[in-house]
Amino acid sequence: MNQLGSAFTEGIIAFTATNIDDIFILLLFFTQVDNNFRPRHIIIGQYLGFLAIILASLPGFFGGLVIQREWIGLLGILPILIGIKQLLSREQENSEIQAVSDNFTQTSPSNFILAFIWTILHPQTYKVAAVTIANGGDNISIYIPLFAGQNLNSLGVILIIFFLMVGVWCAIAYYLSLHPAIATILSRYGNHLVPFVLIGLGLLIMYERGTFTLIPWFK
């Protein structure tokens, strides 16, 4: 598998494994939509929060430019350890999201550009972004080893996949908000798969970086 193909695969696996719980948070947000809390606040807030997580993870890429690729792959141990910890503990994180009520009615400008800027500056957008950042803090420990050892093209592929997947996640959450029975099934079984996916991702990172060649009997 070439490096771009590997980056594509790693990007999809990493995003899915680290953002399963985000679907349920987004689902809760979409059930709170009203005149002052619109779907655009949720979508833009999700993108802003995820962008902050990506920026916090980029040091892994820049570190990979000066450290040997095989040694960078040792960072793959992080998602393996996280997966094992989740597998042993089976603890489910419960995020409480409190609805914010406004005492006044806010209207958006009719001009598209002004409306977009208004949405970015809206308090509800930052509420979603803050929850996304708080819930995605653990993602950084997965994304740093993922970014490390990539070249610029591979990093670009991963980032494109990530930001496309954010939109897909929002669409899935919106769809689930219309079908609560499906959300119940996903909530029951989805988290059980995450530890195995994280372990597999860590092994894939180590394999693609050639880390196993550091072990004498793998040479």
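## Fold at a glance

Reading from the N terminus, the elements of this chain go α-α-α-α-α-α-α-α-α-α-α. That makes 11 helices and zero strands. Keep in mind that what you're looking at is a predicted model.

Of the chain's 219 residues, 41% count as buried. If you take the contacts between residues at least 6 apart in sequence, 87% of them join residues at least 24 apart. The accessible surface adds up to about 11900 Å², and carbon and sulfur atoms account for 68% of that.

## How far to trust it

The average pLDDT is 75, with 68% of the residues scoring at least 70. Confidence peaks in helix α10, at a mean of 91, and bottoms out in helix α7 (residues 112–121), at 60.

Then there's the stretch over residues 92–106, where pLDDT stays under 50. The model does have 22 contacts beyond four places in sequence for that stretch.

## The main core

The largest nonpolar core has 33 residues, and the members touching the most others are F15, Y143, L146, F147 and F162. Six helices put in at least two residues each: α1 (3–18), α2 (20–30), α3 (39–57), α9 (139–147), α10 (152–177) and α11 (180–208). The largest share, 10 residues, comes from α10, which is also where the model's confidence is highest.

Helix α2 is mostly covered, with nine of its 11 residues buried. Those buried positions are I20, D22, I23, F24, I25, L26, L27, F29 and F30. As a general point, nonpolar side chains in soluble globular proteins tend to be buried together.

## Around F147 and S57

F147 is one of those well-connected core members. Setting aside residues up to four places away in sequence, F147 touches I54, S57, L58, G60, F61, L155, I158, L159 and F162. F162 is itself on the list of core residues that touch the most other members.

Now look at the contact from the other side. S57 lies in helix α3, and because its relative accessibility is 0%, S57 counts as buried. Beyond its sequence neighbours up to four places away, S57 touches I140, Y143, I144 and F147. Two of these partners, Y143 and F147, are also among the core members with the most contacts to other members.

## Q46, another buried spot in α3

Helix α3 also holds Q46. With a relative accessibility of 4%, Q46 falls under the 20% cut-off and so counts as buried. Leaving out neighbours within four places in sequence, Q46 is in contact with D22, L26, V128, T132, V166 and C170. D22 and L26 are both buried residues of α2.

Q46 also makes a nice example of sequence distance versus spatial distance. Q46 and K127 sit 81 residues apart in sequence, yet their C-alpha atoms are 9.6 Å apart.

## A nonpolar patch on the outside

Some nonpolar side chains are out on the surface: W71, L74, I77, L81, I84, L88 and L214 form a patch there, with about 640 Å² of accessible area together. Helix α6 (residues 77–89) gives the most to the patch, at four residues.

L74 is found in the loop between α5 (69–72) and α6. Why is L74 partly exposed rather than buried? Its relative accessibility is 32%, so it lands between the 20% limit for buried and the 50% limit for exposed.

Terms used. Residues are numbered from 1 along each chain as its sequence is written. This is a predicted model: local features need pLDDT of at least 70, side-chain atom pairs count only at pLDDT 80 or more; totals for chains, interfaces and linings use all residues. Side-chain values use heavy atoms; hydrogens and water are left out. A nonpolar core is a set of buried Ala, Val, Leu, Ile, Met, Phe, Trp, Tyr and Cys residues joined through side-chain atoms within 4.5 Å. Buried means under 20% relative accessible area, exposed over 50%, partly exposed in between (1.4 Å probe, protein chains only). Contact means heavy atoms within 4.5 Å. Patches are made of residues with over 30% relative accessible area and no salt bridge: like charges are joined within 9 Å, nonpolar side chains (Val, Leu, Ile, Met, Phe, Trp, Tyr) within 5 Å. Accessible areas come from the Shrake-Rupley method with a 1.4 Å probe; for residues, only the protein chains shown count as cover. A salt bridge is a side-chain nitrogen of Lys or Arg within 4 Å of a carboxyl oxygen of Asp or Glu. pLDDT is the predictor's confidence in each residue, from 0 to 100.
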